[in-house]
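Biologist: Thanks for sitting down with me over this one. Could you put it on the screen, and then we can talk it through?

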Amino acid sequence: MKFLYSDGPIIACSTCTHAHAAMAVIRISGFKSLSQFAPFFKKDLTGPIEPRRVFYTKLVLQGQIIDDLCFTYFEGPKSYNGENILELSVHGNTLNVERIIELFVKEGGCQLAAPGEFTYRALKNKKLTLSQVEGLDLFLNANSGYALDQGLSLLSGNLQEAYQELYDLFIKHKSSLELSIDFAEDIGEEAAKQYFEESLEAFDKKFQALVKRVQPMDHNLIQPEIVLAGLPNSGKSSLFNFLLSEERAIVSSVAGTTRDYLTETILIEGVKYKLIDTAGIRESEDLIEAEGIKRTKKKLRDSFYSILLINPFEIVEGFAELLNNPFDLVLFTHKDVMGFAAAKDELINKYPQLGSIGAIDLLSLSPEWEKELINNVNKKYLQEISSKPILLDRHKHLILQASQVLSNYQILSKHESDVAILSQELNAMGHCISELIGIVSPDQILNSIFSNFCIGK
Amino acid sequence: MFHVEHFEEHMKEYDIIVVGGGHAGIEAAYIAAQFDLNIAIITIPGIGLGSAPCNPSVGGVGKGQVVREIDALGGLMGILADKAGIQFRTLNDSKGFAVQSSRVQIDKELYSLEAEALIGKISNITVIREKVSKIEQDQDSFLVTGTNSFKCKKLIMTVGTFLNGKLHTGSEQSYGGRVDCEPSAGLVDIFKDIKTRPQRFKTGTPPRLNKSTIDYSKLEEQPSDSEVRNFHCLHSPFERHASQVSCYLARTNQNTMDVIRANKEKSPMFNGQIKGVGARYCPSIEDKAFRYPDKSIHHVFIEPEGLNLDTMYPSGISSSLPREVQEEYVHSIEGLEKAEIKVYGYAVEYDVIDTTDLKLTLEHTQIPNLFFAGQVNGTSGYEEAAGQGLIAGANAALALKRLNSLVLSRHESYIGVMIEDLTSNTRDEPYRLFTARSENRLFIREDNSLLRMRPYRTSFGLDLPIDNYQAQFIENYEELMSFCDETMISEKSPLMVTFSGESELQQINRRMSVTEILKQAWLNPVSTLETILSHYGLSVSYDLIRTVAISKKYDGYIKRSEDQFEKLKKMDNMKINWEQIAASSNVSFECKQRIARIKPDTFGQLKLIEGIRPATLAVVAAKAL
């Protein structure tokens with residue numbers, strides 16, 4: 001994290017994909033004055049340049065024109081991260097981009113930016129709050145339309161607003177408690193009690209709405225995972241490859257070839273999923289395979305959607321243990337083999353829990369079958385985002401923690417007459433909420449009291 | 001700086017001169033005199049020492065704790081309040097020990113007489129009744145000039161609202177610190193080296209009513225509570241020194257507020273005649289009418305000003321409206337229909353100094369040996385003034401005795417909270433203590449004020465009756481604390497049966513130490529400990545039982561609160577760059593102005609600035625979270 005301490009000018013290509021493109025945007029941030037780059041530009045940069053306006057010019061190296069480009073100057077502090085920023089729209093050939101960056105590094109005193117450094121500076125310069133940075137990260141790296149929306153919502157939208165409203169309601173309730181201590185005589189006990197109860201109710205209502213959005217689930221929806229599990233040789237890797245339409249996993253008929261798990265990304269109805277092929281679960285002397293088994297279990301626990309593949313003719317030791325994991329779908333393979341139905345029925349009789357999971361009998365890996373699977377996965381996804389879940393772990397954790405504190409506080413507030421003790425319990429909740437968005441100070445409480453209540457004699 | 005070549009030889013010389021004989025002034029002189037120094041109080045002729053021009057009461061939420069802190073440090077206020085107390089109450093009686101506070105209505109005449117008598121008896125305090133017109137400074141002494149000139153090593157300014165004081169009743173204006181008093185000149189005229197703040201402060205008083213013209217049958221009576229402990233630790237706990245009387249509760253109504261709203265343009269506060277800033281917590285009746293347009297019912301406490309005085313103080317309706325309007329709104333209140341106004345209400349505007357120029361000892365940072373205390377520091381309230389007076393007086397004396405200075409931690413006392421708040425930030429309005437200002441409310445209680453203040457009092461190195469009492473108290477305290485830890489009571493003891501509550505969860509079903517029993521949530525620790533001690537045939541003083549029982553009860557909570565405090569302190573100590581914050585486009589204009597004026601170095605200081613928005617703190621805090 002060395003970049004946390006550097007504050008000189010930094011440069012990076014903001015659009016680079018390591019492939020040639022028609023154009024690319026290079027961003028330079030944190031320089032003192034545009035004039036320091038004057039030698040590289042045909043346009044005179046020593047005079048004033050109007051910010052936020054696009055100019056066309058040529059880039060010059062030792063008297064030779066190396067590219068023609070458009071640039072925009074954003075003057076700090078009115079810029080994305082509060083610093084002076086120069087954006088160059090250049091031709092997108094990667095060699096061209098590299099040559100221009102090298103020019104600014106060697107001759108212009110710039111350093112290559114570390115990942116996230118532009119945004120870190122925005123945080124440092126108070127242009128963004130931590131929540132907003134988290135939102136930005138979610139937005140830029142979103143794997144689904146829903147994550148994209150939530151990223152934006154955290155950046156400046158209604159989730160940020162919901163936190164702010166929650167915080168305001170917390171301050172109101174906290175003031176009502178302080179009111180009953182410092183000013184009960186001024187406003188009367190009855191009124192103080194009423195403010196206390198009303199403000200707690202309002203806070204609780206808002207808070208419970210937020211708690212509903214924190215699903216008590218282990219898997220995350222930022223990058224949902226589809227996990228394939230099954231006994232060795234049950235056909236996981238074949239399915240994996242089929243879904244990816246490319247030969248990636250080592251497909252072999254020797255059991256236990258896939259030692260750890262393989263990961264690829266697949267797109268289903270606009271959502272990017274991680275597709276994971278696990279190792280076969282089998283007791284093994286091989287340490288690596290044992291580790292693989294452990295990871296499989298963890299992967300299954302954290303998965304968004306888990307598929308169990310079963311070859312009813314090859315049930316070995318460890319199957320019962322595997323069944324202890326939760327599954328969304330069971331695929332019975334080898335439907336084409338004689339005696340499939342009988343073998344399957346026998347298995348379901350022996351392991352009744354199998355009967356309660358949705359099952360597909362697989363004859364072959366066909367597009368029709370794939371469609372059915374995709375529908376299943378998408379249905380689950382749509383169902384889960386319908387409650388507008390909060391995606392970020394830090395936020396989920398804080399909200400759940402505050403939820404626990406709130407219910408303790410509500411019980412306490414019914415029978416504890418010592419207001420100072422009550423107030424201390426409330427502070428614990430304040431810490432959670434202020435971590436979501438801000439900090440509470442005694443003066444804020446007093447300010448809130450004075451603006452809402454008539455105090456004094 | 002204006003230097004005097006040489007002061008006159010025959011001039012009377014003192015170790016410490018206190019300018020002002022109000023609550024801050026007499027407290028400063030009283031504590032300093034205990035150090036065997038020569039003290040003079042110079043005060044305006046015609047006003048008794050320790051006079052109470054505003055509310056006739058001492059104590060209150062947060063303030064009761066201050067009075068007991070003053071008392072435990074060897075101060076004066078508790079003694080005087082007990083002697084002149086005519087109605088005692090415990091505020092927040094049902095809300096737990098930590099926030100319970102005592103308040104005493106005082107006979108203001110008696111209070112001042114007691115102050116005169118007590119100070120008069122102290123041979124090393126001289127009271128000089130002159131109006132100070134000039135103060136000059138030589139190398140290591142001050143020259144204070146009124147009718148005569150006096151010299152001192154340490155100077156304490158407790159000049160209250162007298163600096164450039166200006167009174168308003170309607171369009172009538174006069175000069176002075178309060179009604180019927182001669183005005184003082186501005187501080188700059190008296191003392192050229194001191195700067196006052198450009199923003200003046202304002203306070204006000206209600207009209208005083210003729211006692212015999214009020215219909216008490218229409219008001220709610222609030223009698224004196226005989227179970228409130230006297231403030232002074234050496235006074236017998238419940239002995240009353242004066243006859244006890246009642247206060248009464250009246251209420252404003254729609255008519256009252258209509259009268260005020262109809263006369264807005266006649267109010268000096270709303271027509272621009274008064275420029276000073278008043279405290280939000282002490283609003284005038286005009287403030288109430290215009291700031292809370294939907295409310296018409298406000299409490300008015302009718303408080304006796306003295307046993308032999310014929311006036312009542314209607315607390316809650318202070319005003320600077322013209323006389324005829326005051327008549328009209330007073331008469332609109334039920335029970336006051338025929339009330340005769342003896343003295344009309346008025347507002348006073350006065351100069352205050354910038355307390356960020358003061359050290360935690362209340363000594364001026366640029367002018368050594370000069371101290372400021374009381375309302376001139378922008379505080380309101382007799383208790384706040386007295387607390388500062390004690391700190392200034394003690395530090396002036398300690399410095400002369402070459403002893404360590406007295407700085408109370410905000411973690412241990414309300415006085416400490418106040419002085420840190422005052423010296424760390426410029427305030428936008430008069431400052432009053434609230435319990436909400438303390439981060440350690442569970443610990444800063446009335447019942448343990450002696451424990452909290454004892455180490456500070458010990459550091460004075462004095463051997464007065466109060467010191468002996470406190471030493472003995474601490475010894476007994478330690479003994480009783482050990483008794484509680486070491487004494488185990490069997491679940492079969494008949495005592496335990498009386499402690500068990502009704503619900504199943506509240507049964508005591510094992511052997512417990514007395515300490516554990518006192519922590520049980522459903523038990524009142526004080527009466528429980530009383531019962532246990534009498535069971536063992538032990539006779540222990542009321543004060544001791546209370547201190548030990550409540551300390552035991554809160555023990556666990558206080559430890560938790562200290563953990564929280566440590567966390568916050570870490571955050572508060574975080575260095576910030578105020579210039580950067582003031583330049584940020586994410587910070588509102590008002591916040592920027594305040595930040596640029598106060599220049600906070602740490603997050604803690606930023607937080608203490610009044611009126612800083614949560615959003616600003618969130619933006620700044622994001623870096624540390």
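Biologist: In which sense do strand 1 and strand 2 of chain A pair, parallel or antiparallel?
Modeller: Happy to start there, keeping in mind that this is a predicted model. Strand 2 covers residues 23-29 of chain A, and four bridges link this strand to strand 1. One position to look at is Cys13(A), which sits opposite Ile26(A) of strand 2. The sense of the pairing is antiparallel.

Biologist: And which residue of strand 6 of chain A is the bridge partner of Ile11(A)?
Modeller: Strand 6 spans residues 111-112 of chain A and runs parallel to strand 1, with two bridges between them. Ile11(A) belongs to the side of strand 1 that Cys13(A) also points to. Its bridge partner in strand 6 is Leu112(A).

Biologist: Which residues of strand 1 in chain A point the other way from Ile11(A) and Cys13(A), and are they buried or exposed?
Modeller: Strand 1 takes in residues 10-13, and its side chains point in two opposite directions. Ile10(A) and Ala12(A) share the other direction, and all four of these residues are buried.

Biologist: Turning to chain B, why does its radius of gyration agree with a compact globule?
Modeller: Chain B has 20 helices and 22 strands, and its C-alpha atoms fill a box of roughly 75 × 60 × 60 Å along the principal axes. For 625 residues, a compact globule would come out near 25 Å, so the chain agrees with that expectation at 26 Å.

Biologist: What share of the chain B contacts with a separation of 6 or more joins residues 24 or more positions apart?
Modeller: For background, 52% of the 625 residues in chain B count as buried. Among contacts with a separation of 6 or more, the share from residues 24 or more positions apart is 73%.

Key:
Residues are numbered from 1 along each chain as its sequence is written. Chains are lettered from A and ligands numbered from 1 in the order in which they are written. This is a predicted model: local features need pLDDT of at least 70, side-chain atom pairs count only at pLDDT 80 or more; totals for chains, interfaces and linings use all residues. A residue is buried if 20 or more other C-beta atoms lie within 10 Å of its own, exposed if 12 or fewer, and partly exposed in between; C-beta atoms are placed from the backbone. Two strands pair if DSSP finds at least two bridges between them. The radius of gyration is taken over C-alpha atoms; the globule rule is 2.2 Å times the number of residues to the power 0.38. Two residues are in contact if their C-beta atoms, placed from the backbone, lie within 7 Å.
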